[in-house]
Amino acid sequence: DTGSAAAIPINEVDIAYVTPVTIGTPPQTLMLDLDTGSSDLWVFSSLTPSNQVRGQEIYSPTKSSTSKLLSGHTWSIRYGDGSGSRGTVYTDNFTIGGLEVKSQAVQAALEVSSSFTQEQSLDGLVGLGFSALNTVRPSSQLTFFDNARPNLDEEVFTADLKYHATGSYDFGFIDSKKYAGNITYTAVQQSPGYWTHSLSGYSVGSGAFHASQISGISDTGTTLLYLPTAIVTAYYRQVQGAQNSQYYGGYVFPCSSTLPTFTFGIEGARFTIPASYINYTRISPTSTTCYGGLQSSSGLGINIFGDVALKAAFVVFSGTNPPRIGFAIK
Ligand SMILES: O=C(NC1CCCCC1)N[C@H]1[C@H](O)[C@@H](N2CCCCC2)[C@@H]2OC[C@H]1O2
């Protein structure tokens, strides 16, 4: 089997991408954020208090003839940005881009935090991290990818995220039309459950490449690129008027500044992030101060290769044994 679905930016700065999925019988369509940085599949539901729902589509298990309550099971998740949700669990038929998993664990939200309520075009998440991170108790549940794997033509899914445009997620095959040249693979450390791997180094603009093993996670659910402070300060030293603002919680600069590109290595391959991706957003609609798409990871305890980096490449998440991750120019 294979599947292929759109990855649609939910706003004009690509804060997140959503993908249409169908749940149940007859099919209920929701727009979910495919997130390689977590492993819970949860949705706004008929059980979510109405004062926490603001325009989202909801999953109603009682309207599906194939839904089953997973009795006695609950879940609760907290994300790195402080957002979170919790609830109960059903199994139902779940499809992404024509690829169906029967009896997928669908975690129905009984409560969501305010940042989810405020994002009216995001109806939940599909965790594509390793199933070890799943929060359902007393028995943890498998991700969509882990459930689909035995039936996939190839044990992979790919992410082709785009800057200010709709990209795609493919399951079970690698579409050679979506990239140029070769795919460079590197080893993944799957414990504790993220797609953890190393960059082989970096360069700023036309500067020299600094070879250095930089470990982090490739996370489609994180908007920005978070790297060690030394690298980030070296980058913003090249930006007129840049400063690390306590007030805004990161590097800001005059929107008129000229930004250098940022290049990261995967083994011997090099991937260049255009300056436009790093000129992320104005700090407020009328401001002339802009917030950077490259920020320091020092407070996080982990480096995060989020969408700002991933959208500069075609990325292959390979569930082979051992797992690996591949990057190609597109
Ligand atoms: O918390 C992180 N990443 C952290 C960012 C700060 C540095 C550490 C990692 N990712 C979340 C993201 O923010 C959420 N958000 C929802 C509203 C629209 C935007 C996306 C969405 O839900 C879970 C995941 O995706």
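Okay, before anything else, one bit of vocabulary: two strands pair if DSSP finds at least two bridges between them. Keep that in your head for the sheets. And a caution up front: what you have on the screen is a predicted model.

So, the seven-stranded sheet. Reading across, this open sheet goes 18-17-12-13-22-14-21, and the pairing is mixed. At its edges you find strand 18, residues 269–273, and strand 21, residues 294–296, each of which pairs on one side only. Going from one strand to the next, the twist averages 45°.

Let's zoom in on one pair in there. Strand 12 and strand 17, which is residues 262–266, run antiparallel, and four bridges join them. If you want a spot to click on, G201 stands opposite G265 in strand 17.

Now the four-stranded sheet. This one is open too, with the order 15-16-20-19, and here the pairing is antiparallel. Its edge strands are strand 15, at 243–245, and strand 19, at 279–282; each has a partner on one side only. The twist in this sheet averages 45° from one strand to the next.

What holds strand 16 and strand 20 side by side in the pairing pattern? Three bridges, in the antiparallel sense. Strand 16 is residues 250–254 and strand 20 is residues 289–292. Within that pair, V252 stands opposite Y291 in strand 20.

Right, on to the ligand. Where does it sit? The space it takes is the largest pocket. There are 15 residues around the ligand, and the ones that come nearest are Y79, D81, F116, G221 and T222.

Let me walk through some polar contacts, all of them to oxygen on the ligand side. D81 uses its side chain: a polar atom there lies 2.6 Å from a ligand oxygen. With G80 it's the backbone, where an N or O atom lies 3.3 Å from an oxygen atom of the ligand. G221 also uses a backbone N or O atom, and that one lies 3.1 Å from a ligand oxygen. As for how covered the ligand is, on its own it has 540 Å² of accessible area, and the protein covers 88% of that.

Last topic: some backbone oddities in the loops. Which peptide bond leads into P138, and is it cis or trans? It's the one from R137, and it is cis, with omega near 10°. You'll find P138 in the loop between strand 8, residues 124–127, and helix 2, residues 144–148.

There's a cis bond from S191 to P192 as well, with omega near 5°. P192 lies in the loop that runs between strand 11, at 180–187, and strand 12, at 196–204. Strand 12 should ring a bell, as it's the strand joined to strand 17 by four bridges.

And then H164. This residue is not a glycine, yet it has a positive phi of about 50°. H164 is in the loop between strand 9, residues 156–162, and strand 10, residues 165–171.

That's my tour. If you open the model yourselves, try D81 and its 2.6 Å contact to the ligand oxygen, then hop over to the cis bond between S191 and P192.

Conventions
Residues are numbered from 1 along each chain as its sequence is written. This is a predicted model: local features need pLDDT of at least 70, side-chain atom pairs count only at pLDDT 80 or more; totals for chains, interfaces and linings use all residues. Side-chain values use heavy atoms; hydrogens and water are left out. Helices (H or I, at least four residues) and strands (E, at least two) are DSSP runs, numbered from the N terminus. Axes are lines fitted to C-alpha atoms, for helices over the stretch in contact, and angles run from 0 to 180 degrees between N-to-C directions. A residue is near a molecule or strand if one of its heavy atoms lies within 4 Å of it. A polar contact is a pair of N or O atoms within 3.5 Å; within protein, one must be able to donate a hydrogen and the other to accept it, and residues adjacent in sequence count only if both atoms are side-chain atoms. Accessible areas come from the Shrake-Rupley method with a 1.4 Å probe; for residues, only the protein chains shown count as cover. On a 1 Å grid over the protein atoms alone, a cavity is a set of points where a 1.4 Å probe fits but cannot get out, and a pocket is an open set with protein on both sides within 12 Å along at least five of seven lines; lining residues have an atom within 4 Å of a point. A molecule sits in a cavity or pocket if more than half of its atoms lie within 2 Å of its grid points.
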